[in-house]
Amino acid sequence: MSGSSGGRPRGPRGIARTWAEVLVRPRRAFANGITPGDQAPALTFAVAVAAAFTLGWIASDPAAMPAVVPSSPLLSQAVVFLVVVALAAPVGLHLTAAAATVAVVVASVEIADGHFALRDRGGVSETVQAVAYASSPMALAGPVIPELRVACGAYAAVLLFVGFREVHGLGPLRTAVAAVPPAALGYGVGYRAVAAARTLLGA
C-alpha cells in the first residue's frame, strides 16, 4: 500500500486493487483499508466507480443521455460524463454519507440505567469510507440491464452491511438499521437499482 499515508493506496493501480479486494475479500478490505480521517482516497474511489458506471451507461444506451449540445451527441455525452465525475459523484457520496451518519447514530441508541446513551462506534470519516468502498459493484452496473443493476445494488448493500459491522462494531440488527437507508439512497436511487427493480416487476 505504498503511496498512502493510511487507508487505501492511491493511484489507478491502487483503485483497481481496492476494487478487487472489496469485491472478493470485503471483511479484510474494510478491516485493513479504513483509517480515521483518510477520506481522500475514498472520494477518489467513489468518483472512479461513478465514472465507470456512467461510461457503461453511455456505451449501452447513448440515446438516454440528455442532449446538452443538440448538434453533437458525442459532446453531450462528454459533458454528462464530466458533470458526473466533477459534481454528481462527490455530492452523491456526501449526501449518502450524511444519511448513513444519521442512521448509524440512530442504530447506536440504547437505554442504560434508565437513560438514553450511544454505543461506541466508528467516526464519520469511517462511515464515509465504508459508503464509498461498498459502492464497488456499481462500477459494473452501467449497462442498461435491469437484472445486472439489481444484482449490483443488492451486493453493494451487503458490502455496506459488512463494512458497517467492521468499522462500527454493532450487532446484526443495529447494523441493518444503519445500512439500509444509505444503501437505498446511494445504490438504490443514485445508481438506479430501484428503478431497475421496478422495471423487472413491471411497476
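**Close-up views of a predicted model**

**View 1. The salt bridge between Arg119 and Glu110**. Glu110 has a relative accessibility of 24% and is therefore classed as partly exposed, since that class lies between the 20% limit for buried and the 50% limit for exposed. The structure shown is a predicted model. The partner of Glu110 is Arg119, and their side chains meet with an N to O distance of 2.8 Å. Arg119 is likewise assigned to the partly exposed class, because its relative accessible area is 35%. The count of salt bridges in the model is three, and the other views of such pairs follow.

**View 2. The salt bridge between Glu166 and Arg27**. The closest N and O atoms of Glu166 and Arg27 are 3.3 Å apart. This pair connects distant parts of the chain, with Glu166 placed in helix H6 and Arg27 in helix H2, at a separation of 139 residues. Arg27 is exposed because its relative accessibility is 60%, over the 50% cut-off. Glu166 has a relative accessible area of 31% and so is partly exposed.

**View 3. The salt bridge between Glu21 and Arg28**. Here the closest N and O atoms are 3.2 Å apart. Glu21 counts as buried because its relative accessibility is 12%, under the 20% cut-off. Arg28, with a relative accessible area of 46%, is therefore partly exposed.

**View 4. Helix H1 and its packing partners**. Helix H1 covers residues 11-24, which makes 14 residues. From its first C-alpha to its last, H1 reaches 20 Å, close to the 20 Å expected at 1.5 Å a residue. The buried residues of H1 are Gly14, Thr18, Glu21, Val22 and Leu23. These buried residues pack against four helices: H2 (26-33), H3 (40-60), H5 (124-134) and H6 (146-168).

**View 5. Pro12 in helix H1**. Which exposure class does Pro12 fall into? Pro12 counts as exposed, because its relative accessibility is 71%. Pro12 and Pro36 are separated by 24 residues in sequence and by 22 Å in space, from C-alpha to C-alpha.

**View 6. A nonpolar patch on the surface**. The patch is formed by Val83, Leu87, Val91, Leu95, Leu185, Val189 and Val194, and together these residues have about 600 Å² of accessible area. Two helices, H4 (73-108) and H7 (172-190), each supply at least two residues of the patch. The largest contribution is from H4, which provides four residues. One of the patch residues, Val83, is located in helix H4. Val83 is partly exposed because its relative accessible area is 42%, and that value is over the 30% required of a patch residue.

**View 7. The span of residues 21-189**. In an unreviewed UniProt entry, residues 21-189 are listed as "domain: Yip1". The C-alpha atoms at the two ends of this span lie 25 Å apart. Residues 21-189 are 72% helix and 5% strand.

Methods:
Residues are numbered from 1 along each chain as its sequence is written. This is a predicted model: local features need pLDDT of at least 70, side-chain atom pairs count only at pLDDT 80 or more; totals for chains, interfaces and linings use all residues. Side-chain values use heavy atoms; hydrogens and water are left out. Patches are made of residues with over 30% relative accessible area and no salt bridge: like charges are joined within 9 Å, nonpolar side chains (Val, Leu, Ile, Met, Phe, Trp, Tyr) within 5 Å. Accessible areas come from the Shrake-Rupley method with a 1.4 Å probe; for residues, only the protein chains shown count as cover. A salt bridge is a side-chain nitrogen of Lys or Arg within 4 Å of a carboxyl oxygen of Asp or Glu. Buried means under 20% relative accessible area, exposed over 50%, partly exposed in between (1.4 Å probe, protein chains only). UniProt positions are given in the numbering used here, feature names are shortened, and annotations may be inferred rather than shown by experiment. The expected span of a helix is 1.5 Å times one less than its number of residues. Contact means heavy atoms within 4.5 Å.
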